[in-house]
Amino acid sequence: MPTIEIKISDFESLLGKGKISKAELESLLEYVKGEVKDFLPKEDLAKVELNDSNRPDLWSPEGIARQILLMESNGLSNGPATRGKSYPFFTDRKGSADRKVTVAKELKAIRPYLAACVARGMRVTDPILAQLIQTQEKLAEIFGRKRQTVSIGLYRLPKIVFPVRYEVADPAKTRFTPLGFDQPMSLSEILARHPKGIAYAATLKGADRYPILIDAKDRILSFPPIINSREIGEVQVGDSELFVEVTGTDLRMVLLALNIFAANLSDRGATIEPVTVQFPEETEFGKEILMPLDFSAPLEVALDDFRQV
C-alpha cells in the first residue's frame, strides 16, 4: 500500500480549510481508506498510508483532497468537490492542431503507447514540485509496476517545438545529457552508469533499439522510461507551462495515468490543453487520439440490484 508525504499547509490549501489538527486529518482520511503514520506540524509534514490499491487517483494530496470535498458535499456542490465529474479538458479541444506526437511502428514490440497533454497557468512552487515528483514516482512504481507498464515525464513546454516524435534509436550512437549529469551519454551508457538506468534497465530487456522522445528540432526530450534530458526535462520552480507525457505497454493504463495527472494539475489551477497522438495502427480508441481522453462509459444497473444491496 502506498505511503505518501503531504505538506500540511499545501493540503490545507487544496481543501480550502484552515489549520488541520492530527485528529481532524485522521477523521478526513476515513473517506479515502487512509491513516496518519506521522504528523509533524513543525516540519509542515504528514505521512499518510492509503489502503485502497484500486484507486491510484487517491495516491496524491490532490486526489485525497478531491475525494474528501466530494464526500463532504455529497457531490452536490459546484466547487472543487465536483470538478472530477466534468473536467473541462475532456470537452474543450481548442489549440490541439499545433501539438501533435507521432508514434513509430518500431515501438510495437518495445513500448508502444504514449499519452500527452499540456498544462499552463499554474506556477510551480517548491511544495508543488515535490508533490508532482512524488505522484510521478508512486504511479510509476506501484500502478506502473516499476515503470514496466507506465512511466511519466514532465517537461518545460517553452523549450519544445512540435510536432514531437516518439521513436526508436541506436543505443550506442544516440547521445544526450540526462538529468543528474553534466555531460552527454549514449543510451547504452545511461543504462550502465546512470542510477535510473541501472534501476530500470530491465524494462527494456531484449530490445536492440530503445525509445526516445524527440522534438521538431531533433532535440531529445527523454529516454522513456528511464530518464529525461537535462535541457528540456528538468522542471524548475517558477515554471508555468508544462508538457506531460506517459509511456507504457498498456494503453488504458497509460491514458488513465495521464488523466490522473491532468486532474491533479487542473485542481491546482492549471489549464489543461489537449495533444493529438498519432499511432501507426488502430488501437481500441482509434488511430489518432485527442488526449486527455475520457474513456469512461455509462453503466446500466437494474433497480432490483440496488434494492438487494
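Which residue just after α4 takes a positive phi? That one is R145, with a phi of about 55°. Hi everyone, thanks for coming. Before I go on, please keep in mind that this is a predicted model.

Let's stay with α4 for a moment. This helix covers residues 126-143, which makes 18 residues. At 1.5 Å a residue it should span 26 Å, and its end C-alpha atoms are 25 Å apart, so expectation and model agree. Its buried residues are I128, L129, Q131, L132, Q134, T135, Q136, L139, A140 and F143. For those of you thinking about helix faces, an α-helix has 3.6 residues a turn, so residues three or four places apart point the same way.

And what covers the buried residues of α4? The cover includes two strands from further along the chain, β6 (150-156) and β13 (241-248). It also includes β1 (3-7), and the helices α1 (8-15), α3 (61-73) and α7 (251-267).

Next, α7. This helix has 17 residues and reaches 24 Å from its first C-alpha to its last, close to the 24 Å expected at 1.5 Å a residue. Of its 17 residues, 15 are buried, so α7 is mostly covered. At the N-terminal end, D250 acts as the cap, with a side-chain oxygen 3.1 Å from the backbone nitrogen of R252. Just after the helix, G269 takes a positive phi of about 105°.

One residue of α7 deserves a closer look, and that is D267. Is D267 buried or exposed? Its relative accessibility is 12%, and the cut-off for buried is under 20%, so D267 counts as buried. Its side chain has a polar partner: it makes a polar contact with the side chain of R66, at 2.8 Å.

Now to the strands, starting with β13. Seven of its eight residues are buried, so β13 is largely enclosed by the rest of the structure. Strand β5, residues 113-120, pairs with β13 in the antiparallel sense over eight bridges, and there A119 stands opposite L242. β6 pairs with β13 too, again antiparallel, over seven bridges, with S151 opposite T247.

Towards the start of the chain we have β1, β2 and β3. β1 and β3 (residues 45-50) run antiparallel and are joined by five bridges; I4 has V48 as its bridge partner. On to β2, residues 34-40, which pairs with β3 in the antiparallel sense over six bridges. In that pairing, G34 stands opposite L50. β2 and β3 form a hairpin with four residues between them, and D44 in the turn has a positive phi of about 55°.

Last topic, the nonpolar core. In soluble globular proteins, nonpolar side chains tend to be buried together. Here, the largest nonpolar core has 94 residues, and the ones that touch the most other members are F11, I64, F223, F243 and L265. Which helix gives the most to this core? It is α7, with 11 residues.

If you want one residue to click on, try I64. Leaving aside neighbours within four places in sequence, I64 is in contact with I4, I6, F11, L29, V32, L50 and L58. Two names there have come up already: I4 is the bridge partner of V48, and L50 stands opposite G34.

That's my tour, and I'm happy to go back to any part of it.

Conventions: Residues numbered from 1 in each chain as written. Predicted model: local features only at pLDDT ≥ 70, side-chain atom pairs only at ≥ 80, totals over all residues. Heavy atoms only, no water. Expected span 1.5 Å × (residues − 1). Buried < 20%, exposed > 50% of the residue type's maximum accessible area, 1.4 Å probe, protein only. Contact = heavy atoms within 4.5 Å. Polar contact = N/O pair within 3.5 Å; in protein donor to acceptor, adjacent residues only side chain to side chain. Pairing = 2+ DSSP bridges. Core = buried A, V, L, I, M, F, W, Y, C linked by side-chain atoms within 4.5 Å.
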